[in-house]
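Colleague: Could you walk me through a model, feature by feature? I would like to learn how to read each one.

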Amino acid sequence: MGADDFPILGIDYVHLYVESAVKSVQNLSHLFGFDEVAYAGPETGCHSALSHMLTQGNARLVVTSSCENEKVTSHIWRHVARHGDGVKDIALRVMSVEAAYRKAIERGARPVHGPIVLWDEHGMVRRAAIHTYGDTFHSFVERHEYHGPFMPGYREVGVVQSRNMGLQAIDHIVGNVELGQMNTWAQFYADVMGFSNRVHFTDSQISTEYSALMSKVMEDGSGNIKFPINEPAIGKKGRSQIQEYLDVYQGPGVQHIAFATGNIIMTVSEMRAHGVKFLNIPQTYYDDVRTRFADVPEVDIDMLARLGILVDRDEDGFLFQIFTKHVVDRPTLFFEIIERRGSRGFGLGNFKALFEAIERDQRARGAL
Ligand code: FE2
C-alpha cells in the first residue's frame, strides 16, 4: 500500500474540546500568534456548543466548548470532564470522503459516523469520521466544493490584527497509548491508511534513570503526515512520563502537536515575549552542543542557549526544536516548535536532555 492507495491531502485541522473556548482562543492568539478566523455558536444556529477556528500559516486549530445548560448531557462536556482540555479529532483532508471512509471501514477502522454533506451559501463539505486511539477521532474532510471561511455553520470573524509568530504548518502529532499498544496502533495506521513505519525508537535509546518510552513514527505515503506513537516502558525508577499522561488523561490521547517554523529564533523570541513557558534546558546541555557543533559556525549556540532551543543533526541536516510546558491544566498536552534544516528526524540526540527536563517538572508535581 502506498500514497495512491489512501491519498491524504493534509491535516485539515486539529479539534480540541476545552472547558472554555473563549479562554483557549485568548491563549492561542495572545501567546502563540494564532488568528481567529471563523466562529460557530448560538448566533450561527448552533445552540449546544461554541467553536472558534484559528489559523497560523497552514495550521488550523478548532476549539470547542459546551454551552448547554444541562451540561451532563453534552458529549463535549463529558469529554472535558474525563480528559481535561484535549484533542478530540485530527481531521484529514481527502479527495473523496466516500472512498476514504469505505476503505477505512473495510480495513478494520471503527466508524464514528458515515459520510454526511454539510451545506451553506459558500458550498458543500463532505465529512465522515473513524476512531483512533482512546476517545480520539480522525474525521475525513472533502472541501474542494467549499469557498467559505471554514465549514458550513461557521461565520467569518474579521481578523483585526494578525499576530503571526512564524508558525507555518503542523509538522507532526504524537499520540500516547498504553503499555503494549504501540504496535497495535502503528499497525492500525499501516492497515487502514497505508502509512509506513519510518523510525522506531526503543527504550534503550529513549530512557533516563526514571523514565523510558518506546516510539514508532508512522508516516503517510507523501511523507507529509507524521504520527509518532509512544508507549511507556518500564523505567529503572519512578513512573514513565507516558504513564503519567495515561493516568491523568484517563486513557490514550494526543501528547503533543509540533508546529513547523522557518525561523525558530524569531518564533521563540516572540512567544517568550508574550509569556509562553518552555521546558528549561540546563546550560550543561549547551556545553555538549558546543562540542557536537564545533564544525558548524553558522549555528549560533549562544542564541540557542539564551532561548532554550535544542538542536540535533543527522545525515540529512539539522533540526532545531523546543517544547512548551503543558498548555492545558492537566499535565497532558504540550506544543513543540520545530525548524527543520534538512533533517527529517525527531531529535533523537535531544531525548535525554528533554526527558531530564520533563522529569524535573514531574518531580515538582510529586509524580516521580
Ligand atoms: Fe515531537
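Modeller: We will go through a metal site, a helix, a loop residue and some aromatic rings. Keep in mind that this is a predicted model.

Colleague: Let's start with the metal. Which residues coordinate the iron ion?

Modeller: Look for donor atoms around the metal, then trace them back to the chain. Here the iron ion is held by NE2 of His172, NE2 of His256 and OE of Glu336, at 2.0 to 2.1 Å. Along the chain, these donors have the spacing H-x83-H-x79-E. His256 belongs to strand 14 (residues 253-261) and Glu336 to strand 17, so this pair ties together parts that lie 80 residues apart in sequence. Both His256 and Glu336 are buried.

Colleague: Next, helix 6. Which of its residues are buried?

Modeller: For a helix, list the buried residues and then check where they point. In helix 6 (residues 264-274), they are Ile264, Thr267, Val268 and Met271. Their arc around the axis is only 90°, so they sit on the same side of helix 6. The elements covering them include strand 14 and strand 17, along with strand 10 (167-176), helix 8 (301-307) and strand 16 (317-323).

Colleague: And what follows helix 6?

Modeller: Gly275, with a positive phi near 105°.

Colleague: Now a loop residue. Is Asn350 buried or exposed?

Modeller: Accessibility is the value to read, with under 20% as the cut-off for buried. Asn350 has 0% relative accessibility, so Asn350 counts as buried. Its place is the loop between strand 17 (334-341) and helix 9 (351-364).

Colleague: What does the side chain of Asn350 reach?

Modeller: Check polar partners, then the wider contacts. The Asn350 side chain comes to 3.5 Å from the backbone oxygen of Val311, and a 2.9 Å polar contact links the side chains of Asn350 and Gln321. Beyond neighbours within four places in sequence, the contacts of Asn350 include Tyr285, Arg292 and Leu310.

Colleague: Last, the rings. How many aromatic pairs are there?

Modeller: The count is 16 aromatic pairs. For any pair, read the centre distance and the angle between planes. Phe150 and Tyr154 are edge-to-face, with 4.8 Å between centres and 90° between planes. Phe150 is buried at 1% relative accessible area, and Tyr154 also counts as buried, at 13%. Elsewhere, Tyr133, Trp185, Phe188, Tyr189, Phe195 and Phe227 make up one aromatic cluster.

Colleague: Which charged residue sits over the ring of Phe137?

Modeller: Lys88, whose charged end is 3.9 Å from the ring centre. Likewise, Arg313 lies over the face of Phe293, 5.1 Å from the ring centre.

Methods
Residues are numbered from 1 along each chain as its sequence is written. This is a predicted model: local features need pLDDT of at least 70, side-chain atom pairs count only at pLDDT 80 or more; totals for chains, interfaces and linings use all residues. Side-chain values use heavy atoms; hydrogens and water are left out. Helices (H or I, at least four residues) and strands (E, at least two) are DSSP runs, numbered from the N terminus. Buried means under 20% relative accessible area, exposed over 50%, partly exposed in between (1.4 Å probe, protein chains only). A polar contact is a pair of N or O atoms within 3.5 Å; within protein, one must be able to donate a hydrogen and the other to accept it, and residues adjacent in sequence count only if both atoms are side-chain atoms. Contact means heavy atoms within 4.5 Å. Donors are N, O and S atoms within 2.8 Å of the metal (3.2 Å for Na, K and Ca); water is not among the atoms, so sites may look incomplete. The arc is that of the directions from the helix axis to the C-beta atoms. Rings of Phe, Tyr and Trp (its six-membered ring) pair if their centres lie within 6.5 Å; planes under 30 degrees apart count as stacked, over 60 as edge-to-face and the rest as tilted. A charge sits over a ring if NZ of Lys or CZ of Arg is within 6 Å of the ring centre and within 35 degrees of the ring normal.
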